[in-house]
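Hi,

Here's the structure I promised to pass on. Have a look at it first, then read my notes underneath.

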Amino acid sequence: CSSCMLALALRLHPRMQYPKPSPTPNPKAFPGARRVADLACGHGLLSWALLLLDDGGDGGAPRTAVAVDKRMPPSAEAIADVVLRMRPELQARWHFVESGLEAVDPAPSTLLCGVHACGGLSDAMVNLAIRGTAPLALAPCCHTHKILSDAQRARLDLTNATLADLIDDDREAALRAAGYCVKRELIPEAFTLKNRLILAAPPAVGLGLEPGKKARLAMLQPDHDEIGGARNPRVPVSDDAGARETVALLAGRAAADLRKQPTWSMDVSLWLPDGAAQCVEPAALGDIVAAVAPGVACAAGYADGAEFLHPNGRRARTFRLVYTGVSRERAKEAHAALSAAIPGAFPGS
């Protein structure tokens with residue numbers, strides 16, 4: 001639904017212009033929000049549209065975006081390649097991270113966006129915004145009976161409200177209970193028949209509402225298993241240098257594929273050659289692995305702890321080798337070959 005993405009981008013762009021935020025929350029505007037988190041983003045079209053619309057004419061800092069989804073489709077890479085050929089200056093302003101919605105760390109500085117977030121995904125985004133006191137622009141989709149709570153089912157039987165009205169009314173009520181200012185709008189049906197848009201501005205600073213301690217929707221219980229793990233890394237979306245740097249390291253196909261590969265950590269301890277306490281560097285061990293086990297990817301570093309000084313005056317140190325993308329058996333073979341090669345590489349070790 002590329003047309004829907006464009007319609008939403010055109011709605012949001014003028015509301016993200018640079019004028020300083022007002023002390024009064026206003027769901028029609030998100031001034032000062034210079035970073036966008038495009039969640040359950042698919043191809044990442046919404047985030048690209050918002051970057052392309054940002055010509056810097058409002059005098060604010062350049063807009064940036066992070067797109068998050070459990071899988072980065074090949075089409076997302078193709079779109080990024082085309083856009084960056086035309087606008088190479090956007091290279092450092094857009095990143096796609098493969099991770100789950102439940103692993104996103106929201107923040108008040110970043111506008112959370114969701115377009116046609118199916119069923120419980122919309123509820124998860126509402127909960128996420130509330131947890132981080134973040135502004136939210138949400139176009140819900142797939143209003144189905146299977147996401148209803150028992151209480152909602154009972155209310156639906158007693159009301160003339162449509163299923164979509166009941167579900168979205170509860171979403172908006174949860175946001176208002178958290179101190180948000182909320183407005184519902186309609187995107188023209190020419191763009192999409194699923195045209196509802198929920199805009200929610202968080203409580204202003206100083207209203208005494210603490211992030212993370214507000215009413216939550218109970219429609220979706222996200223699976224929090226392995227949050228922060230290699231395949232589901234935490235994604236800090238805050239608009240600050242540290243978070244942006246972390247996102248850049250997590251982003252892209254190569255980084256995602258690397259996280260999916262098996263890793264095996266193995267230690268090796270050795271005596272440091274006499275009179276040269278610092279002559280054995282981790283990189284040297286990595287070079288040995290490359291020589292004795294071609295094709296085995298390995299990262300070498302120090303294990304926890306400093307050098308060990310033996311009563312006889314000799315020094316020892318433990319190094320940690322992390323083997324990636326190979327079976328455990330192949331990693332053990334490479335590690336054994338490393339151990340066998342160390343005495344020849346470092347006489348006296």
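Below is what turned up, helix by helix, with the cysteines at the end.

Keep in mind that this is a predicted model: local features need pLDDT of at least 70, side-chain atom pairs count only at pLDDT 80 or more, and totals for chains, interfaces and linings use all residues. Residues are numbered from 1 along each chain as its sequence is written, and side-chain values use heavy atoms, leaving out hydrogens and water.

Start with helix α7, residues 241–250 (helices are DSSP runs of H or I, at least four residues; strands are runs of E, at least two; both are numbered from the N terminus). Its buried residues (under 20% relative accessible area, with exposed being over 50% and partly exposed in between, 1.4 Å probe, protein chains only) are Ala-243, Val-247 and Leu-250. Seen down the axis of α7, they fall within an arc of 60° (taken from the directions from the helix axis to the C-beta atoms), so they line one face. That fits a general rule: an α-helix has 3.6 residues a turn, so residues three or four places apart point the same way. The face turned away from the buried side of α7 carries the exposed Ala-241, Glu-245 and Leu-249. What do the buried residues of α7 pack against? They pack against β1, β2, β3, β9 and α8 (contact means heavy atoms within 4.5 Å).

Now the cysteines. Cys-41 counts as buried because its relative accessibility is 4%, and Cys-113 does because its value is 0%. A search of the whole structure finds zero disulfides (pairs of cysteine sulfur atoms within 2.5 Å).

Cheers
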